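Work through the exercises below with the sequence and the model open. Each task is followed by a stepwise solution.

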Amino acid sequence: MRLTLSWKPLLITLAGVGCFLLLASANATPLENTPHGLQFALFYAGILLLIIGLGIKTGETHIRFGWNEAHRHEVFIVIGVFILALVLRLWQLADRIRAPVDEVLPMTEILALWDNPNLPIIRQFGVISSLTRLFASWQGASAAIFGHNLLALRIPSAVIGSVTVAATYFCGRVLFDRKTALVGGLLLATFPPHMHFSRIGILSIGDPLFGTLAFACLVLAFKHNQRLSWVFGGIALGLTQYFYEGGRLLYPAFMLVVVILTLLTNRAKIREWTVGLSFYALTAIVIAAPIYLTIALLNDPFSTRMNTLALSRNDWLVLLTSPPSSPAFDYLVRHTIDPLLLFINRPDPTPYYGGATALILIFLVPMFLVGLIASLWNRHGRGLVVWFLLTWAGNLLMVDSALAARYVVVFPAVALLMAVGIMRVSAWLPAKYRTGVIGIYLAFCLVTQTGYYFGPHLSAYMQTLVPGRDAYDALLRAVDLPAGTSVYLVDPPSTVTEQYAGDILRFMAADKSIQLIGSPDTFNLSQESSAAPYAFFIPADDTQTPLLLKQSLNLDEPQFTTYPLSEAQAYVLYMGRPR
């Protein structure tokens, strides 16, 4: 690709660069009182101007995917896969997981965006992680449409997860062929961990979408050397910096390794690709620039989670110099192997995913291993192996190296590796049986993965997420109480604090207040407003508290949850007013 940039595209490109510079100024300079609506306008306008200025060239108005007119029905196949993924991610989205899964933080950030019209959107927030408010803004838009509830928080995740499935098909199509791409897309659509993280409202689901697109467009650009492919890939890579820290650290390193390996094995084309690689890098740098300019100007940490939860230099020195018989060496072995076992043998130990199985169900483990090995000898598939190994190596830097939430960034690669394994094993079959066997096995995988996730996994997961009394059920019921109700949660579980419960109600029902009390003895009626109705959520097996409350309140008949909870888990609602 030759560099041909006339003055009009150049001006448009400079205007896009200017948008991102103004965005950085709005987050870290005296211009920081800029309305966040204008900040988002600068962000999206900057992306559009870069696409027009750098990406569109006369005679190149579309990306060349490698199919011709005879394959237009492939578009409908992709749409079908996307719809399947979306249905699975939207079905009973707020009902099957009724408790927040680290979703109070986005609730508070949405409220902050609504309360402060000049809130900086790129400036990092978060005590443990360095995050931007881009994903929270999408959740806020969803909440404005669908209401202040868990469903609205999770719809952006479901949509992004479904688009990631389509992006995985695109990646498989670029790397391999249509059949492998379709198998990989369908496997990811029903892959239990990806379904799960697409059904909760945390921003890490944004990482694999843009990382997959950045990789697929890079490979496509190397194939066809088309400007739009380079620019789209660079934009996607830049957008990986706006979500979770894992994607921020992984994908630039991954793309750099892919570029180096490609150039080393195609030295004759280095000059031909120089301009395209410059476009790829330029767009990525411009898109990510506001974050890093803000970090530099405010002297913020680059990676808060890495700084606080990674193994220190002294830790590594001890681990690497310990004798084989020492506990430190045993820890190093487990620390190295456990992330790999997480995919094939070891359940996730956290409430983010949990479950009783590894991330890959047992009948797909052989296909994953075959695909991993086979891809080492495939010049395009090798990138998937690099993707997986870099993710594993990056997690080795952390104190806890085998947490499922940190591997969301590699799920598309895992799905494609399983697809490669299926196609490689099927190649050993007679040609006349091959398509039928693949179809039967794939149907079995899709049905079994879906059935496992919505059946045994979610049932066990809810027990892990809410092991004792279900305070979240009480909070959800409190949302529907009359405005101005003072809510009291009696004998709450230790995992639910008053601030935590208050943040949930402030998002879902700002017209109500909540207090957590250990027993009715701490309830002082004289300090309460007699005009406000009271709502007491009392453990179902507590018979004494209602009797004590009746001494000073007129209590209505008890109201029971409609959700299937045991007596040890449930709260009974008593509405009361002073005598």
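**Exercise 1. Strand β3 and its partners**

Which residue in β5 does Pro539 stand opposite? Then place β3 among its neighbours and state how it is covered.

Solution.
Step 1. Pro539 stands opposite Tyr571 in β5.
Step 2. Note the source. This is a predicted model, where local features need pLDDT of at least 70, side-chain atom pairs count only at pLDDT 80 or more, and totals for chains, interfaces and linings use all residues. Residues are numbered from 1 along each chain as its sequence is written, and side-chain values use heavy atoms, with hydrogens and water left out.
Step 3. Fix the elements. Helices (H or I, at least four residues) and strands (E, at least two) are DSSP runs, numbered from the N terminus. Strand β3 covers residues 534–539, and β5 covers residues 571–578.
Step 4. Assign the pairing; two strands pair if DSSP finds at least two bridges between them. β3 and β5 run antiparallel, with 6 bridges. Strand β1 (residues 486–490) pairs with β3 in the parallel sense over 4 bridges. Within β3, Ala535 is the bridge partner of Val487.
Step 5. Check burial. Buried means under 20% relative accessible area, exposed over 50%, partly exposed in between (1.4 Å probe, protein chains only). In β3, 6 of the 6 residues are buried, so the strand is largely enclosed by the rest of the structure.
Step 6. Split the faces. In a regular strand, side chains alternate between the two faces of the sheet. Tyr534, Phe536 and Ile538 are buried on one side of β3; Ala535, Phe537 and Pro539 are buried on the other.

**Exercise 2. Salt bridges**

How many salt bridges are there? Describe three of them.

Solution.
Step 1. Apply the rule: a side-chain nitrogen of Lys or Arg within 4 Å of a carboxyl oxygen of Asp or Glu. The count comes to 9 salt bridges.
Step 2. Take Glu74 and Arg173. Their side chains meet at 2.6 Å, N to O. Glu74 lies in helix α3 and Arg173 in helix α6 (residues 150–175), so the pair ties together parts 99 residues apart in sequence. Both residues are buried.
Step 3. Take Asp473 and Arg477. Their closest N and O atoms are 3.3 Å apart. Both lie in helix α20 (residues 471–478), 4 residues apart, about one turn of the helix. Asp473 is buried at 1% relative accessibility, and Arg477 is buried at 16%.
Step 4. Take Lys512 and Asp511. Here the closest N and O atoms are 3.0 Å apart. Lys512 is buried at 10% relative accessibility, whereas Asp511 is partly exposed at 40%.
Step 5. Look for shared partners. Arg98, Asp473 and Arg477 are joined into one network of salt bridges.

**Exercise 3. The chain as a whole**

What is the radius of gyration of the protein chain? Add its helix and strand counts and its burial.

Solution.
Step 1. The protein chain has 22 helices and 5 strands.
Step 2. Its radius of gyration is 26 Å, close to the 25 Å that the globule rule gives for 579 residues, so the chain is as compact as a globular protein of that length. The radius is taken over C-alpha atoms; the rule is 2.2 Å times the number of residues to the power 0.38.
Step 3. Buried residues make up 54% of the 579 residues.
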